[in-house]
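The following exercises are to be worked with the sequence and the coordinates at hand. Each task is followed by a solution in steps.

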Amino acid sequence: MNRRIATALTGGTALLTALTACGESGSSSAGGGESTPAGGGDTIAAELVLGGPPEFQTRPDGVPGLEEVYGVSFGEFRSLDAGGPLTINALANGQIDAADVFTTDPNIAANDWVVLEDPENLFAAQNVVPLISTEEATDGVGAVLNAVSAELTTEDLISLNEQVIIDRQDPAAVAGQWLAEQGLDATGTQAAGADLTIGSANFPENITLANIYAQALQAQGATVQTQLNIGSREVYMPGLQDGSIDLIPEYTGVLLEYFDEEATAVSSEDVYAALPEALPENLTVLEQSEAEDKDAIVVTRETAEEYGLTSIADLAEQP
Amino acid sequence: MNDVLLWLNDPQNWTGTRVTPGIVEQASAHLAYTAIALSIAGVIAFPLGLVLGHTGRASWLVSVANGLRALPTVGLLILLYVMVSPLISGRGDAVYLVPTEIALVLLALPAILANTYAGVRNVSPDARDAARGMGMTGRQVLFRVELPNALPLVFSGLRSAALQVIATATIAAYVGLGGLGRYVYDGLASRDFGQMAGGAVLVAALALLVDLALSLLQRATVSRGVSGRFSRRSTRDSRSAAVTVVRPEPPRGGPDGGPRPGQATTPAAALTPSGEHPSG
Amino acid sequence: MSSAAGSAPWDLFGYFADHRAEVLDLLWAHTWLSVLPVVIGLLVALPIGWLARRYRWAYPPVVSVSGLLYTIPSLALFVVMPTLLGTQILDPLNVVAALTLYTVALLVRVVADGLAAVPEDAVQAATAMGFTRLQRLRTVELPLAVPVIAAGLRVAMVANVSLVAIAATIGIPQLGQLFITGFQLSVTGPYYPPIVLGIVLSVALALLLDRSIVLGARLITPWQRVSAAR
């Protein structure tokens, strides 16, 4: 009897030790940790870890684009989130050295980070644009949203984000305040009769923008439901196409790339001009705003100074 | 379905690329997260369950552990990440690993504790009395009678904990860790259905493999007298007859009335039929 | 309007006060997303469990198939559902269907085991009294199996409340949304209130639903109370 127990305990311990041992060797490298970057030559980038949203690994303007356009291959890529808390915290705490972050992120200024220039226009223009189901794109709704787009600037986006992300104010309140400041809060009947469900992606800027659209339309007599904080584009885009939602704030560049992977347009005008053709018939873009929130490769001030970085191209040089 | 097969069939996905780890590496990482969580939970819950079951004291601890099952693992994971992230700096997985392991340990604890406890409590009082009558000390009763008889339930607790932990380790990828969950989240983010579903298939396969391994271990260690896995001829073996005491009875009371003497009377027993809990 | 509450864990009350309507909506959504699958799951599991009990050969495959279902990560199941059901991707039905699958997987085995645990004497007595098979099942076997089935229901219920939260990562609104909100606002330091509020409400909901199953089971099995000292 005793021997059985002894067998059980040794057996169990042996299994667990074996698993743990094999695990430790796995865990140190699987997430990407301490493994020394291999390959990629002895460029600056090869010594650095890049973090960004998971799809950045395969996106044409992500890891493959960096390699192709700038000859930059990072030592390692770490899948995090789209400029969200994981990416920001990882860059702030040194888990990664460079990050794909959005240019309107208030954390860039707050942490004194350096946005690397993109002389080859790897990242396409990303102007804010309302994406709406064609069925709901009536003249009234269009007029209300175009008036919003006409007033929205990149500086506005940064300041809206600062209020929501840094000061943790309620996005609906921040949206209302902005509309009032722009004189867009007057009530009317421009959009009367419209009945829309407005969605948003799961990051604060998009939520604030969706609130702005919702309140502007409501003020003009539309019936509005909101379904905010829907996951990423891969989740909400099917939702737009199957009619679960009717309207969402989008960005021209990613939108074009989503529907046309071969798209080459990079400037604001070209991207916007290419959109109607690329979109399926049941989706329409209204007028784009001047406000832009594009991807950027961002490094900390220390990293920039250590390696003398000002542009993405510098990453391909030798340290 | 085709996408899944294509994805699983691509050798590059197994070996990985220069910047991204392959399936083999992610699967061993997944296994490692699981092993670490189960070891820690086992080291805490197994002895505790034995002692509580043997003494019959502080059974409220088992209820408290069972209350842990109500904790939403995603919420816990996010809470722990948010707490830990300002404290850990520098390259490496630590900032993602620590919250994940704590969440997984809390997930595995109740099943192991409740089953060990119930396993010991469920030992027939006759067997216990007989052991005492033979002059065994309390310690001898625990290790020679109660533990061998409790082993089947202990194993079922360990196995259900392992299943839960493997399925739940998937959401570790949501806070930036590796493991097979990476494919589920990365596939979702890059609209690669094959990758996403392929990741799910791999998690399920890993869970089945580990369950199989644990069931073999169980077969090797549980006395045939307890498991009833013996040939008809050997039923007359007095040794095995004396310890066949794990009764196939409902977890609480039984249809004929209240708790029987010597039977677990806490919710621990009520939660034992299967504590599985797929997450992730 | 803007939340004046701080970012410490105990500021969850202030957060709740600021977002009362929204949080209550999420709580309600969470409740029905957790309860509905248990109800449907029980209705589906009863006949399957009975079959697995009646035809012994069916038991092993039923147990292994349900075990297999449990190994599929729920997130993946949520996302695959639209392809299987033809539903819209944001349809809460996907979550209900996925959780129903898990519940059925868990309960089929419990129902079969519960029926198996009914004392042979009781079954024989009923047969001797001239009960038909259906009568016997309805009036003797099922009621006697209630304690075991209720124990399984409790496990399924508590598991579901926790699993529903995962659906927030793919945009189905419920209490899990609070975790995501708190997560997103934790870039300049931890922002606890929504996260802690979400956990507290989720645990409270799980315990409440768990207690209601215990009470419900006790109500329909009055004979248990006679000697049950719990």
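**Exercise 1.** In this predicted model, determine how many bridges join strand 1 of chain A to strand 3 of chain A, and in which direction the two strands run.

*Solution.* Step 1: locate strand 3 of chain A at residues 98-102. Step 2: count the bridges to strand 1 of chain A; there are two, and the strands run parallel. Step 3: identify a pair, namely A:Gly51, whose bridge partner in strand 3 of chain A is A:Ala99.

**Exercise 2.** Describe how strand 1 of chain A is joined to strand 2 of chain A, and establish the handedness of the crossover between them.

*Solution.* Step 1: strand 2 of chain A covers residues 76-79 and is joined to strand 1 of chain A by four bridges, the two strands being parallel. Step 2: A:Val49 has A:Glu76 as its bridge partner in strand 2 of chain A. Step 3: on its way from strand 1 to strand 2 of chain A, the chain passes through helix 2 (residues 63-70) of chain A, giving a right-handed β-α-β crossover.

**Exercise 3.** Are the residues on the two faces of strand 1 of chain A buried or exposed?

*Solution.* Step 1: assign the residues of strand 1 (residues 49-52) of chain A to its faces, with A:Val49 and A:Gly51 on one side and A:Leu50 and A:Gly52 on the other. Step 2: all four are buried, and both faces are thus covered.

**Exercise 4.** State the domain division of chain A and characterise the contact between the domains.

*Solution.* Step 1: domain 1 comprises 45-123 + 295-316, and domain 2 comprises 128-285. Step 2: the C-alpha centres of these two domains of chain A are 27 Å apart. Step 3: nine residues of domain 1 of chain A and 13 residues of domain 2 of chain A take part in the contact. Step 4: on the domain 1 side, the residues are four nonpolar, four polar and one charged.

**Exercise 5.** Classify B:Val95 and C:Trp32 as buried, partly exposed or exposed.

*Solution.* Step 1: B:Val95 belongs to helix 6 (residues 94-121) of chain B. Step 2: B:Val95 is buried, because 26 other C-beta atoms lie within 10 Å and the threshold is 20 or more. Step 3: beyond its neighbours within four places in sequence, B:Val95 contacts A:Asn93, A:Gln95, B:Val84, B:Ser85 and B:Ile88. Step 4: C:Trp32 lies in helix 2 (residues 20-54) of chain C. Step 5: C:Trp32 counts as partly exposed because it has 14 C-beta neighbours inside 10 Å. Step 6: C:Trp32 and C:Val203 are 171 residues apart in sequence, with 15 Å between their C-alpha atoms.

How values were computed:
Residues are numbered from 1 along each chain as its sequence is written. Chains are lettered from A and ligands numbered from 1 in the order in which they are written. This is a predicted model: local features need pLDDT of at least 70, side-chain atom pairs count only at pLDDT 80 or more; totals for chains, interfaces and linings use all residues. Domain bounds come from an automatic or database domain assignment. Two residues are in contact if their C-beta atoms, placed from the backbone, lie within 7 Å. Ala, Val, Leu, Ile, Met, Phe, Trp, Tyr, Cys and Pro count as nonpolar, Asp, Glu, Lys and Arg as charged, and the others, Gly among them, as polar. A residue is buried if 20 or more other C-beta atoms lie within 10 Å of its own, exposed if 12 or fewer, and partly exposed in between; C-beta atoms are placed from the backbone. Two strands pair if DSSP finds at least two bridges between them. A crossover is right-handed if, with the strands pointing away from the viewer, the path from the first strand over the helix to the second runs clockwise.
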